[in-house]
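Student: Hi! I have a new model open and would like to walk through it with you. Can we take it piece by piece?

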Amino acid sequence: MAISYKKLFHLLIERDMTTSQLQKQAGFSANITARLKRNGAVSLDTIESICRILGCGVDDILEFVPDEEDKN
């Protein structure tokens, strides 16, 4: 299973918030932002910080996507 952060970026657009603003408020580095944009792995601390800043749940910012192998 892969992780997709599309929901996070849609939520940021809805709230008229940039990734830089989120980064500053949540206190993580630009490397974390790059990982999120590439649907890479981030720590649960990062996920918690994002949810706290946005006032949302984990399912509001990420989803699990089946790998191509899992679909067959």
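Tutor: Happy to; we can talk about the record, the helices, the cavity, the cysteines and a few loop residues. Keep in mind that this is a predicted model.

Student: Let's start with the record. Where does UniProt place the feature "domain: HTH cro/C1-type"?

Tutor: UniProt puts that feature at residues 8–67, and the entry is unreviewed. Over residues 8–67, the chain is 57% helix and 5% strand. The C-alpha atoms at the two ends of that stretch are 20 Å apart.

Student: Thanks. On to the helices: which residues of α1 are buried?

Tutor: Those are L8, L11 and L12. They span an arc of only 100° around the axis, so they sit on the same side of α1.

Student: And what does the face turned away from that buried side carry?

Tutor: It has the exposed residues K6, H10, I13 and E14.

Student: What about α3, which residues are buried there?

Tutor: In α3 the buried ones are I32, T33 and L36. Their arc around the axis is only 100°, which means they are on the same side of α3. Exposed N31 and K37 are on the other side of that helix.

Student: Let me zoom in on L36. Is it buried or exposed?

Tutor: L36 is buried, because its relative accessibility is 3% and the cut-off for buried is under 20%.

Student: How far is L36 from L8, C-alpha to C-alpha?

Tutor: The separation is 8.9 Å, and the two residues are 28 residues apart along the chain.

Student: Now for empty space. How many cavities of 30 Å³ or more does the structure hold?

Tutor: There is one. The space in the largest cavity is about 30 Å³.

Student: Which residues line it?

Tutor: The lining of the largest cavity is made up of L8, F9, L12, T19, L22, F28, T33 and L36. The elements giving two or more residues to that lining are α1 (6–14), α2 (19–26) and α3 (30–37).

Student: Which element gives the most?

Tutor: That is α1, which supplies three residues to the lining of the largest cavity.

Student: And by class, what is in that lining?

Tutor: It has six nonpolar residues, two polar ones and no charged ones. You can tie this to the helices: L8 and L12 are in the lining and are among the buried residues of α1. Likewise, T33 and L36 help line the cavity and are among the buried residues of α3.

Student: Changing topic: how many disulfides are there?

Tutor: Zero.

Student: Why is C51 not bonded to C56?

Tutor: The sulfur of C51 is 4.3 Å from that of C56, its closest cysteine sulfur, and this is too far for a bond. The cut-off for a disulfide is within 2.5 Å.

Student: Are those two cysteines buried or exposed?

Tutor: C51 is buried, with 10% relative accessibility. C56 is buried as well, with a relative accessible area of 18%.

Student: OK, loops. Where is G57?

Tutor: G57 lies in the loop between α4 (44–54) and β2 (63–65). It counts as partly exposed, at 27% relative accessibility. Its C-alpha is 9.3 Å from that of I47, and the two are ten residues apart in sequence.

Student: What is the phi of D16?

Tutor: D16 has a positive phi of about 55°, although it is not a glycine. D16 is in the loop between α1 and α2. It is exposed, with a relative accessible area of 70%.

Student: And what about the phi of N39?

Tutor: The phi of N39 is near 60°, again a positive value in a residue other than glycine. N39 is found in the loop between α3 and α4. With a relative accessible area of 34%, N39 is partly exposed.

Student: One last residue: where is S43?

Tutor: S43 is in the loop between α3 and α4. It is partly exposed, at a relative accessible area of 36%. S43 and I32 are eleven residues apart in sequence, and their C-alpha atoms are 9.2 Å apart in space. That brings us back to α3, where I32 is one of the buried residues.

Definitions and conventions. Residues numbered from 1 in each chain as written. Predicted model: local features only at pLDDT ≥ 70, side-chain atom pairs only at ≥ 80, totals over all residues. Heavy atoms only, no water. 1 Å grid on protein atoms, 1.4 Å probe; cavity = no way out; pocket = protein on both sides within 12 Å on 5 of 7 lines; lining within 4 Å. Points joined across faces, edges and corners; volume = space filled by probe spheres on them. Helix = DSSP H or I, 4+ residues; strand = E, 2+ residues; numbered from the N terminus. Nonpolar A, V, L, I, M, F, W, Y, C, P; charged D, E, K, R; others polar. UniProt positions renumbered as here; feature names shortened; annotations may be inferred. Buried < 20%, exposed > 50% of the residue type's maximum accessible area, 1.4 Å probe, protein only. Arc of directions from axis to C-beta.
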